[in-house]
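Work through these exercises with the sequence and the 3D view side by side. Try each task before you read its solution.

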Amino acid sequence: MHHEKSIVVSNLSFSYDQEQLFRQVSFSINEGEWFTIMGKSGSGKSTLLFLLSSLIDPKEGEIIVNGTNIACATRKELNNFRLNQIGIMFQDYSFLH
Ligand SMILES: Nc1ncnc2c1ncn2[C@@H]1O[C@H](COP(=O)(O)OP(=O)(O)O)[C@@H](O)[C@H]1O
Ligand SMILES: [Mg+2]
């Protein structure tokens, strides 16, 4: 279990259908860092954020948030994760609180 807050992505691959959006992407973000995702429209920026938020599941690879592999988290752990550890402001939807 890591005590430092971090997001660690290893060999992440994702496609909605046949077309692969990303293949074997790896990076890590540590607490306090600003991390910018840049790319043209349709390149997969929103999809990457949905993956990091556990709203969709990777086809391949791992996403470890604060020491927990979110693909292996129980429903209770995911509820806690979504409630306390991640925030996302959607581009296309209203913010409800
Ligand atoms: N739910 C979906 N089903 C199928 N294809 C999708 C879906 N959402 C996005 N896409 C496609 O995946 C690609 C990446 O989309 P997106 O992550 O929204 O890109 P960005 O945020 O960088 O503009 C685009 O080609 C988009 O049309
Ligand atoms: Mg987008």
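Helices and strands here are DSSP runs, numbered from the N terminus; a helix has at least four residues and a strand at least two. Keep in mind that the model is predicted.

**Exercise 1. Place Glu 4, and decide whether it is buried or exposed.**

Step 1: Find the element. Glu 4 sits in the segment before β1, and β1 spans 6-15.
Step 2: Take the cut-offs. Buried means under 20% relative accessible area, and exposed means over 50%.
Step 3: Apply them. Glu 4 has a relative accessible area of 52%, so it is exposed.
Step 4: Look at its distance to Cys 72. The two residues are 68 residues apart in sequence. In space, Glu 4 and Cys 72 are 20 Å apart, C-alpha to C-alpha.

**Exercise 2. Describe the surroundings of ligand 1.**

Step 1: List the shell. Ligand 1 is surrounded by Tyr 16, Leu 21, Lys 40, Ser 41, Gly 42, Ser 43, Gly 44, Lys 45, Ser 46 and Thr 47.
Step 2: Sort the shell by type. Two of its residues are nonpolar, six are polar and two are charged.
Step 3: Which element gives the most to this shell? Helix α1 (residues 45-52) does, with three residues.

**Exercise 3. Find polar atoms of the protein beside oxygen atoms of ligand 1, and state how much of the ligand is covered.**

Step 1: Start with the backbone. A polar backbone atom of Gly 42 is 2.7 Å from an oxygen atom of ligand 1. For a polar backbone atom of Ser 43, the distance to a ligand 1 oxygen is 3.3 Å.
Step 2: Turn to a side chain. Thr 47 has a polar side-chain atom 2.5 Å from an oxygen atom of ligand 1.
Step 3: Read the cover. On its own, ligand 1 has 560 Å² of accessible area, and the protein covers 55% of that.

**Exercise 4. Examine the positive phi angles of Gln 24 and Ser 54.**

Step 1: Recall the background. Most residues other than glycine have a negative phi.
Step 2: Take Gln 24. Its phi is positive, about 55 degrees, although it is not a glycine. Gln 24 lies in strand β2 (residues 20-30). Its relative accessible area is 44%, so Gln 24 is partly exposed.
Step 3: Take Ser 54. This residue is not a glycine, yet its phi is positive, about 65 degrees. Ser 54 belongs to the loop between α1 and β3 (60-65).
Step 4: Is Ser 54 buried or exposed? Its relative accessibility is 8%, so Ser 54 counts as buried.

Methods
Residues numbered from 1 in each chain as written. Chains lettered and ligands numbered in written order. Predicted model: local features only at pLDDT ≥ 70, side-chain atom pairs only at ≥ 80, totals over all residues. Heavy atoms only, no water. Near = heavy atom within 4 Å. Polar contact = N/O pair within 3.5 Å; in protein donor to acceptor, adjacent residues only side chain to side chain. Areas by Shrake-Rupley, 256 points an atom, 1.4 Å probe, with all protein chains shown as cover. Nonpolar A, V, L, I, M, F, W, Y, C, P; charged D, E, K, R; others polar. Buried < 20%, exposed > 50% of the residue type's maximum accessible area, 1.4 Å probe, protein only.
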